[in-house]
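Reader: Hello! I am new to this one and would love a close look at a single part of it. Could you pick a good place to start and take me through it step by step?

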Amino acid sequence: MSPFLYGCKFMLVNLLIYSYCNYLNKVSNNSLYYLGDWHTHLSSNLLPSPTDYKAAQTLASYLPEDIRFSLITVIFNHFSPKNFKVYNYTQKRILKEVNCKII
Ligand SMILES: [Zn+2]
């Protein structure tokens, strides 16, 4: 994918995320905020990708400061969904792995 198309795709995704966050906030009368997502990776690499980092940074920028660092993302192995990792977007602007298990 060319850098231009990648940039356009990223901007479109950001616009959709922004619209979705605003929608959730509006329909809940400012009581709900988007706090995270989950998705799969098509490999056993469950580390956040550069796109995952950009998405987390973008989402965090739309959240009120008091909940900004509650943002999480959960990454599953597409072929083995029992394998997953959970990350929290921290004040250091990184996605830090959180110990989590299914009980
Ligand atoms: Zn990812």
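Author: Happy to! One definition will help us all the way through: a residue is exposed if 12 or fewer other C-beta atoms lie within 10 Å of its own, buried if there are 20 or more, and partly exposed in between. Please also keep in mind that this is a predicted model.

Let us try the definition on a loop before we reach the part I have picked. N30 has 9 C-beta neighbours inside 10 Å, so N30 counts as exposed. N30 sits in the loop that leads from α1 to β1, and its phi is positive, at about 65 degrees, although N30 is not a glycine. N29 belongs to the loop between α1 (3-27) and β1 as well. The phi of N29 is also positive, near 55 degrees, and N29 is not a glycine either. With 7 other C-beta atoms within 10 Å, N29 is exposed.

Now a quick map of the chain. It contains 2 helices and 4 strands, and from the N terminus these elements follow one another as α-β-α-β-β-β. Of its 103 residues, 10% count as buried. If we take the contacts between residues at least 6 apart in sequence, 52% of them join residues at least 24 apart.

The part I would like to show you is the meeting place of the helix α2 and the sheet. What is the order of the strands in this sheet? They are arranged β1-β2-β3-β4, in an open sheet of 4 strands with mixed pairing. The edges are formed by β1 (36-41) and β4, each of which pairs on one side only. On average, neighbouring strands of the sheet are turned by 30 degrees against each other, ignoring direction.

Let us follow β3 and β4 in this sheet. Strand β3 (residues 80-89) and strand β4 (residues 95-98) run antiparallel, and 4 bridges join them. Two residue pairs let you trace this by eye: N88 has K96 in β4 as its bridge partner, while Y89 is partnered by L95. Together β3 and β4 make a hairpin, with 5 residues between the two strands. In the turn of that hairpin, R93 has a positive phi of about 65 degrees.

Next, bring in α2. This helix lies across β2 (72-77), β3 and β4, and runs at about 100 degrees to β4. It has 13 residues and reaches 19 Å from its first C-alpha to its last, close to the 18 Å expected at 1.5 Å a residue. Which residues of α2 are buried? They are A55, A56 and L59. These three cover an arc of only 100 degrees around the axis, and therefore they are on the same side of α2. A rule about helices is useful here: with 3.6 residues a turn, residues three or four places apart point the same way. On the face turned away from the buried side, α2 carries the exposed residues P50 and S61.

Where do those buried helix residues end up? A55, A56 and L59 belong to the largest nonpolar core, which has 7 residues and also includes L71, Y87, Y89 and L95. Both α2 (50-62) and β3 supply at least two residues of this core. The largest share, 3 residues, comes from α2.

Let us zoom in on one of the core residues, Y87, which lies in strand β3. It has 23 other C-beta atoms within 10 Å, so Y87 is buried. Leaving aside neighbours up to four places away in sequence, Y87 touches P48, I72, T73, L95, K96, E97 and V98. The C-alpha atoms of Y87 and I75 are 8.2 Å apart, although 12 residues separate the two along the chain.

One of those contacts makes a good last stop. E97 lies in strand β4. Its count is 13 C-beta neighbours inside 10 Å, so E97 is partly exposed. Not counting residues up to four places away in sequence, E97 touches K85 and Y87. The C-alpha atoms of E97 and L47 are separated by 8.9 Å, while the two residues are 50 apart along the chain.

To recap the part we visited: α2 lies across β2, β3 and β4, with A55, A56 and L59 as its buried residues, and these three share the largest nonpolar core with L71, Y87, Y89 and L95.

Conventions
Residues numbered from 1 in each chain as written. Predicted model: local features only at pLDDT ≥ 70, side-chain atom pairs only at ≥ 80, totals over all residues. Contact = placed C-beta atoms within 7 Å. Pairing = 2+ DSSP bridges. Core = buried A, V, L, I, M, F, W, Y, C linked by C-beta atoms within 7 Å. Expected span 1.5 Å × (residues − 1). Arc of directions from axis to C-beta. Axes fitted to C-alpha atoms, helices over the stretch in contact; angles between N-to-C directions.
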